[in-house]
Amino acid sequence: MKQIKFNRFSVPAGLAGVISAAWITSLAWLPAHADPPIAGTASTNSVAAAAPAATAVAASESHHLTGAELYSIHCNRCHPERYPTERTGAQWKTIMLHMQVRANIPVQQSKLILKYLQDNSGR
Amino acid sequence: MATKMQMKTNVIRYGVAATTGLFCLAQAGNASAEVSDADFNALKSAVQQLGEEVQSLRQTNQIETQTHQADLQQIQELRSKLAETQQTAVEAKQKSDAVAEVQSQPPERAPIDEATVNHNFMMLGDAEFQYDKSSGQNGTFLLADFAPIFVYRGGDNILYEAGFDTFLGNNAPSSAGASTSFQLSFAQLDYVVNDYVTFVAGDMLLPLGTYSERSAGWLNKFPDNPLAVDALIPGTGVGTQLRGAIPLGQSGQFINYSVYGVNGESSADGTGNARALDLGGNVGQLSNGGIASLNGSPSGGGRLGYFVPFKPHYDLEVGVSGMAGQWDNTLDMVQSHVWSAGVLDAALHLGPNFEANGEYILTRYGSGDQGEVTQQGLFVQAGYRLAGLNLELPAINNIELVARYDAVHDGLNPRVERYTAGFIYYITNTLLFEGDYEFLHSPDPTQVDHMVLQLSYGF
């Protein structure tokens with residue numbers, strides 16, 4: 001049986017990996033693909049639903065970024081903005097999935113940007 | 001017509017008055033004297049004639065009255081028809097307005113074809129062409145780079161993407177013709193597990209800093225990569241990764257993370273000599289057809305980033321990333337050497353016309369012949385679009401001035417520094433013409449100052 005020995009970097013790297021895996025596992029139990037928050041309404045997320053009423057009110061009064069605003073924030077960080085009319089709705093869905101992974105865009109924000117792009121897409 | 005009727009009525013009145021007058025005259029005559037038969041007959045005839053005329057006039061009046069009634073009825077009918085016509089016109093205008101309103105609204109969007117919702121295939125990527133004039137050398141057209149990314153989306157959560165690079169170059173010295181290289185840049189499967197976790201597997205772009213993941217030719221504002229990125233860290237690794245982003249509140253802030261395990265580095269010649277470090281060759285498929293990692297343990301790494309937008313076009317992203325693992329080809333963990341890297345990255349946008357970003361890279365690795373080798377490098381670059389000057393000149397507004405400083409010290413050779421200044425002319429938002437001049441400070445005589453012109457296109 002092969003004996004596995006660890007070097008001095010393996011221990012901290014392994015610890016970091018275990019902690020990260022535990023954290024991610026806990027996140028994985030959260031509802032999958034929660035709907036993005038809509039301006040003026042409380043989130044449908046079960047965590048938000050269980051929050052105190054005061055928190056929910058405060059959240060509803062805060063400004064929720066729109067898809068157009070998020071598009072302006074994210075879509076020229078690495079390249080010139082692409083016009084929504086350049087692609088079809090289905091193509092934008094593919095591109096936003098690509099950009100969501102590549103540019104580390106939160107899923108909720110990505111969905112709002114996608115809706116903005118599809119609403120103004122070429123067809 | 002009313003005037004005509006009045007005239008006829010007056011004629012009748014005058015006839016009756018005349019008859020009455022003649023009758024009175026006759027009575028007056030009788031009173032004064034006897035009337036002869038002839039006079040009586042004449043008078044009688046006159047009275048009869050007048051009676052006939054009155055009768056005729058009455059008949060005429062009756063006919064005229066009937067005609068007048070018919071005219072009034074016709075007028076009433078015409079008025080009724082006019083009212084109907086006006087109502088029809090109003091209704092027609094209302095219908096016309098309704099049609100115009102409908103036509104002025106954008107056409108209703110047809111539902112997206114279900115097949116393309118479930119899956120979709122696209123080709124993204126970029127292409128570059130260069131002209132290079134190096135100091136002391138002939139200027140030359142250079143680089144026919146076509147770099148497609150084939151992207152296939154299956155459903156809402158699965159994406160497969162593979163990027164390629166094609167290069168054109170001379171054949172080996174003393175050989176005729178040219179050769180084309182076609183190489184796989186990356187090939188990875190992305191599966192969105194939930195809102196916070198995405199699983200990635202394959203030959204992945206590694207998140208050591210952000211440059212490697214966001215450096216396609218038309219994204220980079222310069223025609224070449226920073227020296228330190230090319231020399232010190234691997235661009236890809238074969239393995240698996242978990243990554244995602246977690247929003248912080250509703251203001252757009254979020255943290256993003258990635259953790260991964262890959263085959264890692266290896267030795268180009270199987271030894272532990274420092275110059276044999278191979279950052280990208282340990283892909284699992286051996287040259288002899290075997291399947292194995294070239295060393296005894298995989299590498300691990302990750303990145304933690306924080307993004308804060310102040311408002312659209314104003315934002316800051318900072319990140320820290322690292323990676324560590326065995327690099328030489330020995331399977332003996334005790335005798336093996338460790339390679340490790342740490343990267344700090346930052347990107348800043350101040351309005352739509354200014355951006356700056358940079359990375360600092362530090363790597364260390366043990367070796368059999370050089371002992372512990374420490375490498376470090378950095379790059380800082382900035383761009384400013386002249387549209388920010390509000391000069392109202394289209395040609396000027398399309399220009400962005402760029403500058404970069406980068407340096408690398410690989411621990412084995414003297415430090416190399418480079419200063420780059422140039423411009424980008426945005427022909428369209430995806431077709432860019434770039435011009436740069438690079439000042440190199442290097443002990444390597446082949447690394448000299450040069451000018452590069454590049455046409456790049458993103459698709």
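**Entry 1. Strands β10 to β12 of chain B**

I began with strand β10 of chain B, residues 299–311, and strand β11 of chain B, residues 314–326. They pair in the antiparallel sense over eleven bridges. The model is a predicted one, and I read the pairing with that in mind. For the register I looked up V308(B) and found L316(B) in β11(B) as its bridge partner.

I then followed β11(B) to its other neighbour. Strand β12 of chain B, residues 338–350, pairs with β11(B) in the antiparallel sense over 13 bridges. Here L316(B) has L348(B) in β12(B) as its bridge partner. L316(B) therefore serves as a reference point for both pairings, with V308(B) on one strand and L348(B) on another. A general point I kept beside this: in a regular strand the side chains alternate between the two faces of the sheet.

**Entry 2. Two residues with positive phi**

I checked the turn between β10(B) and β11(B). The hairpin has two residues between the strands, and H313(B) is found in that loop. H313(B) has a positive phi of about 80° although it is not a glycine. Is H313(B) buried or partly exposed? I noted 17 C-beta neighbours inside 10 Å, so H313(B) counts as partly exposed.

E392(B) is another non-glycine residue with a positive phi, in this case about 60°. I located E392(B) in the loop between β14 and α5 (394–397) of chain B. E392(B) counts as exposed because it has 8 C-beta neighbours inside 10 Å.

**Entry 3. P226(B)**

Where does P226(B) lie? I placed it in the loop between β5 (197–205) and α4 (227–232) of chain B. P226(B) counts as buried because 28 C-beta neighbours fall inside 10 Å. Leaving out residues up to four places away in sequence, I listed Y211(B), F379(B) and D406(B) as the residues that P226(B) touches. I also took the distance to M204(B), 22 residues away along the chain: the two C-alpha atoms are separated by 20 Å.

**Entry 4. Nonpolar cores**

The largest nonpolar core has 35 residues. Among the residues with the most contacts inside it I noted M204(B), L208(B), A228(B), I233(B) and A341(B). I asked which elements of chain B each supply at least two residues of this core. They are β5, α4, β6 (236–248), β7 (253–262), β11, β12, β13 (354–365) and β14 (373–385). Two of the strands from my first entry, β11 and β12, are thus on this list.

For I233(B) I wrote down the contacts beyond four places in sequence: L208(B), L279(B), A341(B), V343(B), I361(B) and T363(B). Apart from this core lies another, of 17 residues, with W92(A), L97(A), L112(A) and L114(A) among them.

**Entry 5. Chain A and its helix α4**

I turned to chain A. It has six helices and zero strands. Of its 123 residues, 33% are buried. I looked at contacts between residues at least 6 apart in sequence, and 61% of them join residues at least 24 apart.

Which residues of helix α4 (residues 67–74) of chain A are buried? I found G67(A), L70(A), Y71(A), I73(A) and H74(A). They cover an arc of only 165° around the axis, so they sit on the same side of α4(A). The general rule is that an α-helix has 3.6 residues a turn, so residues three or four places apart point the same way. I then checked what covers these buried residues: the cover includes α6 (107–119) of chain A together with β10 and β11 of chain B.

**Entry 6. Strands β16 to β18 of chain B**

Strand β16 (residues 416–426) and strand β17 (residues 431–441) of chain B run antiparallel and are joined by ten bridges. The hairpin between β16(B) and β17(B) passes through four residues. As a register mark I took Y425(B), which stands opposite F433(B) in β17(B). Strand β18 of chain B, residues 450–458, also runs antiparallel to β17(B), with eight bridges between the two. There I noted L453(B) in β18(B) as the bridge partner of G435(B).

**Entry 7. Domains and confidence**

The domain assignment of chain B gives domain 1 as 2–104 and domain 2 as 137–388. I noted 110 Å between their C-alpha centres. Chain B has a mean pLDDT of 89, and 90% of its residues reach 70 or more. For the complex, the predictor gives an ipTM of 0.73 and a pTM of 0.71.

Conventions
Residues numbered from 1 in each chain as written. Chains lettered and ligands numbered in written order. Pairing = 2+ DSSP bridges. Buried ≥ 20, exposed ≤ 12 C-beta atoms within 10 Å, placed from the backbone. Contact = placed C-beta atoms within 7 Å. Core = buried A, V, L, I, M, F, W, Y, C linked by C-beta atoms within 7 Å. Domains from an automatic or database assignment. Arc of directions from axis to C-beta. pLDDT = per-residue confidence, 0-100.
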